[in-house]
Amino acid sequence: CKQESHHPSLAKNLSGGEKRGEMLSSLNPGEVDLMNEAAHFMLFAQAAYTVIAFMIEFPVTGLFSLLFRAIKSRACFHPSLKESIKGDNLLQLNTIALKAISRLKNEDIIYANYNDTIKKIPYMILLDHEWKSVVLTIRGTKTFESFLADLNVAPEGLGRLGKECGFDGEELYCHTGMLASTEWIYRDMMSHRKLEKAMAEYAGYKLRIIGHSLGAGVASILSVLLRPTYPKLRCLAFSPPGCVMSENLADAVASY
């Protein structure tokens, strides 16, 4: 059974009936809801890979389709997107692929940053009206730089960031490379405040933080930083590496 964490600032009671390592059952309504949620939001984890995800889905026609969509929509001249997008190419092919995979409109893209270095990792803030969610999705390993971030596995404490974000981070540890990318996203969001504005405008919406692979690890750590501000947030981490965080922190965040 899952055990309640003894870390006072992050611990939350978990239902005693939950068990680890068992298959989900289609006969359990709660677990069916969980599977539906995972299936729906996996699309946003895929969309974070933008052009490469579109090319994998359409290996023969993908490039021509993206170029046709760019010409047809004149995406590079969209004034509504210019303020909200950083690091895309002239034709905004990343944004076109993002919209095609996620099936969102221009007005549903709150912010997208495609800058990609060892420390910087692409992420997007999107609106999902179907599930009444503000979605923060983070791209996983794709480039050589992101691979180097994966390799930086030394543990780093959360004491400094905990004091800033409003929780006790002492004796809690994370993967150094992923924590660096997490802090970059956090600083970038603090500079433009678009997540804060979206959560205020859509007050009834839930914040969901999504990621796959490296993006799942960063999503998990970012959820720890943001939860004092957004206590109802939910993180869906698809195939996160096993070395993202120390066991005491993993236990403490299991409820969300």
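Visitor: How many aromatic pairs does a search of the whole structure find?
Guide: Keep in mind that this is a predicted model. A pair of aromatic rings is described by the distance of the centres and the angle of the planes. Going through the whole structure that way, the number of aromatic pairs comes to 6.

Visitor: Phe41 and Trp131 form one of those pairs, so is it stacked or edge-to-face?
Guide: The ring centres of Phe41 and Trp131 sit 5.4 Å apart, and their planes make an angle of 75°. Planes over 60 degrees apart get their own label. That makes the Phe41 and Trp131 pair edge-to-face.

Visitor: How many residues apart in sequence are the parts tied together by that pair?
Guide: Phe41 belongs to helix H1, while Trp131 is in the loop between S3 and S4. Burial is uneven here: Phe41 is buried at 0% relative accessible area, but Trp131 is partly exposed at 28%. Since one ring is on the helix and the other on the loop, the pair ties together parts separated in sequence by 90 residues.

Visitor: Which residues do ring pairs link into a cluster?
Guide: We've already met two members, Phe41 and Trp131, as an edge-to-face pair. Ring pairs bring in one further Phe, and the cluster reads Phe41, Trp131 and Phe44.

Visitor: In the pair of Phe54 and Phe58, which ring is partly exposed?
Guide: Phe54 and Phe58 make a tilted pair, 4.9 Å centre to centre with 50° between the planes. Phe54 has 2% relative accessibility and counts as buried. At a relative accessible area of 34%, the partly exposed one is Phe58.

Visitor: On to the sheet: which strands stand at the edges?
Guide: The sheet is open, has 6 strands with mixed pairing, and runs in the order S1-S2-S3-S4-S7-S8. An edge strand has a single partner, so one side of it is left without a neighbour in the sheet. Here those strands are S1 (85-86) and S8 (234-238).

Visitor: Do S4 and its partner S7 pair in the parallel or antiparallel sense?
Guide: On one side, S4 is joined to S3 by 6 bridges, and those two run antiparallel, with Ile125 opposite Leu136 in S4. On the other pairing, Ile138 stands opposite Gly211 in S7. Strand S4 (residues 133-138) and strand S7 (residues 206-212) have 6 bridges too, and their sense is parallel.

Visitor: Which residue takes a positive phi in the hairpin of S3 and S4?
Guide: This hairpin has 4 residues between its strands. The one with a positive phi, near 50°, is Lys132.

Visitor: How many residues of S4 are buried?
Guide: In a regular strand the side chains alternate between the two faces of the sheet. On one face of S4, Ser133, Val135 and Thr137 are buried, and on the other so are Val134, Leu136 and Ile138. S4 is therefore largely enclosed by the rest of the structure, with a buried count of 6 of 6.

Visitor: Which strand does helix H5 cross at about 130°?
Guide: Helix H1 (residues 29-47) lies across S3, S4, S7 and S8, at about 70° to S8. Helix H5 (residues 93-102) lies across S1, S2 and S3. The strand at about 130° to H5 is S2.

Visitor: Which helix gives the most to the largest nonpolar core?
Guide: In soluble globular proteins, nonpolar side chains tend to be buried together. The largest nonpolar core here has 43 residues, and those with the most contacts inside it are Ile138, Leu158 and Leu195. Elements that each supply at least two residues include S4, H7, H8 and H9. With 8 residues, the top contributor is H10.

Visitor: Leaving out residues up to four places away in sequence, which Tyr does Leu195 touch?
Guide: With those sequence neighbours left out, the contacts of Leu195 include Ile125, Val134, Leu136 and Met189. Leu207 and Leu226 are touched as well, and the Tyr is Tyr230.

Visitor: How many residues are in the second, separate core?
Guide: Tyr49, Ala70, Ala97 and Ile109 are among its members. The size of this second core is 26 residues.

Visitor: How many disulfides does the structure hold?
Guide: A disulfide is a covalent bond between the sulfur atoms of two cysteines. Cys165 is buried, at 8% relative accessible area, and Cys235 is buried at 17%. As for disulfides, the count is 0.

Methods:
Residues are numbered from 1 along each chain as its sequence is written. This is a predicted model: local features need pLDDT of at least 70, side-chain atom pairs count only at pLDDT 80 or more; totals for chains, interfaces and linings use all residues. Side-chain values use heavy atoms; hydrogens and water are left out. Two strands pair if DSSP finds at least two bridges between them. Contact means heavy atoms within 4.5 Å. Axes are lines fitted to C-alpha atoms, for helices over the stretch in contact, and angles run from 0 to 180 degrees between N-to-C directions. A nonpolar core is a set of buried Ala, Val, Leu, Ile, Met, Phe, Trp, Tyr and Cys residues joined through side-chain atoms within 4.5 Å. Buried means under 20% relative accessible area, exposed over 50%, partly exposed in between (1.4 Å probe, protein chains only). Rings of Phe, Tyr and Trp (its six-membered ring) pair if their centres lie within 6.5 Å; planes under 30 degrees apart count as stacked, over 60 as edge-to-face and the rest as tilted. A disulfide is a pair of cysteine sulfur atoms within 2.5 Å.
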